[in-house]
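This report describes selected local features of one protein model. It proceeds residue by residue and then turns to helix packing and an aromatic pair.

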Amino acid sequence: VLTSVDRDDMPDFGSEHFAETVRHLKREAPNVLVECLTPDFAGQTELIENVARSGLDVFAHNIETVESLQRRVRDYRAGYRQSMRVLELAKQTVPTLITKTSIMLGVGEQDEEIHQALMDLR
């Protein structure tokens with residue numbers, strides 16, 4: 001699993017570093033399974049597509065929590081809809097790509113909100 005902190009200090013938010021690392025791993029060890037747990041790349045389509053097309057096996061991006069608790073739990077620059085869009089775009093770019101996410105529980109969400117988040121992810 002490759003991951004990083006948000007790289008807001010880089011023009012491409014670290015997208016090319018993820019992609020190049022995946023390509024290098026696949027070149028050196030073609031049978032290794034590679035998962036990238038990515039930031040949202042500020043929602044920039046071409047950056048998300050760059051990682052999705054890199055040859056990785058699993059594209060992961062965390063929604064973190066239910067929609068109503070986003071501002072309480074996440075950095076103000078991140079958002080539920082943007083995270084959903086990141087996952088959707090990765091899957092549209094490479095339909096066979098496995099996408100996954102994580103969600104924290106126990107921070108004040110209601111059962112209905114958890115159900116809605118799961119439905120949104122479908």
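I98 is in contact with D57, V58, F59 and K91, leaving aside its neighbours within four places in sequence; contact here means heavy atoms within 4.5 Å. The residue belongs to strand β4 (residues 98-100), where helices (H or I, at least four residues) and strands (E, at least two) are DSSP runs, numbered from the N terminus. With a relative accessible area of 48%, I98 is partly exposed. On this scale buried means under 20% relative accessible area, exposed over 50%, and partly exposed in between (1.4 Å probe, protein chains only). The C-alpha atoms of I98 and I48 are separated by 14 Å, the two residues being 50 residues apart along the chain.

The model is predicted, so that local features need pLDDT of at least 70 and side-chain atom pairs count only at pLDDT 80 or more, while totals for chains, interfaces and linings use all residues. Residues are numbered from 1 along each chain as its sequence is written, and side-chain values use heavy atoms, with hydrogens and water left out.

**Side chains reaching backbone oxygens**

Two basic side chains are considered next. K26 sits in helix α1 and is buried, with a relative accessible area of 19%. Its side chain reaches the backbone oxygen of V32 at 2.7 Å. A polar contact is a pair of N or O atoms within 3.5 Å; within protein, one must be able to donate a hydrogen and the other to accept it, and residues adjacent in sequence count only if both atoms are side-chain atoms. Beyond four places in sequence, K26 is in contact with V32, L33, V34, G55 and D57.

R74 is placed in the loop between α3 (70-73) and α4 (80-93) and is buried at a relative accessible area of 12%. A polar atom of the R74 side chain lies 3.4 Å from the backbone oxygen of I63. Between the C-alpha atoms of R74 and I63 the distance is 9.3 Å, at a separation of 11 residues in sequence. Not counting residues up to four places away in sequence, R74 touches H61, N62, I63, E64, G79, Y80 and S83.

**Positive phi values**

Two residues other than glycine have a positive phi, and the table sets them side by side.

| Residue | Phi | Location | Relative accessible area |
|---|---|---|---|
| F13 | near 55° | loop between β1 (2-3) and α1 | 15%, buried |
| A42 | near 55° | loop between β2 and α2 | 39%, partly exposed |

**Helix packing**

Two packed helices are described by the angle between their axes and the distance between the axes. The axes are lines fitted to C-alpha atoms, for helices over the stretch in contact, and angles run from 0 to 180 degrees between N-to-C directions.

The axes of α1 and α2 come within 8 Å and cross at roughly 10°. That makes α1 roughly parallel to α2, a class for angles under 35 degrees, whereas over 145 counts as roughly antiparallel, 65 to 115 as roughly perpendicular and the rest as oblique. On the α1 side the contact is made by S15, E16, F18, A19 and R23, and on the α2 side by L47, N50 and V51. These residues divide into four nonpolar, two polar and two charged. In this classification Ala, Val, Leu, Ile, Met, Phe, Trp, Tyr, Cys and Pro count as nonpolar, Asp, Glu, Lys and Arg as charged, and the others, Gly among them, as polar.

A19 of helix α1 is buried at 0% relative accessibility. Not counting residues up to four places away in sequence, A19 touches N50 and S54. A19 and V73, 54 residues apart in sequence, are 28 Å apart in space, C-alpha to C-alpha.

Helix α5 (residues 111-121) packs with α4 at an angle of about 35°, with their axes 10 Å apart. Here Y80, R81, M84 and L87 in α4 meet Q116, A117, D120 and L121 in α5. By class, this contact has five nonpolar, one polar and two charged residues.

**The aromatic pair**

Rings of Phe, Tyr and Trp (its six-membered ring) pair if their centres lie within 6.5 Å; planes under 30 degrees apart count as stacked, over 60 as edge-to-face and the rest as tilted. By this rule the count comes to one aromatic pair. The ring centres of F18 and F41 are 6.0 Å apart and the planes stand at 90°, so the pair is edge-to-face. Because F18 lies in helix α1 (residues 15-28) and F41 in the loop between β2 (35-37) and α2 (45-52), the pair ties together parts that are 23 residues apart in sequence. F18 is buried at a relative accessible area of 6%, and F41 is buried at 1% relative accessibility.
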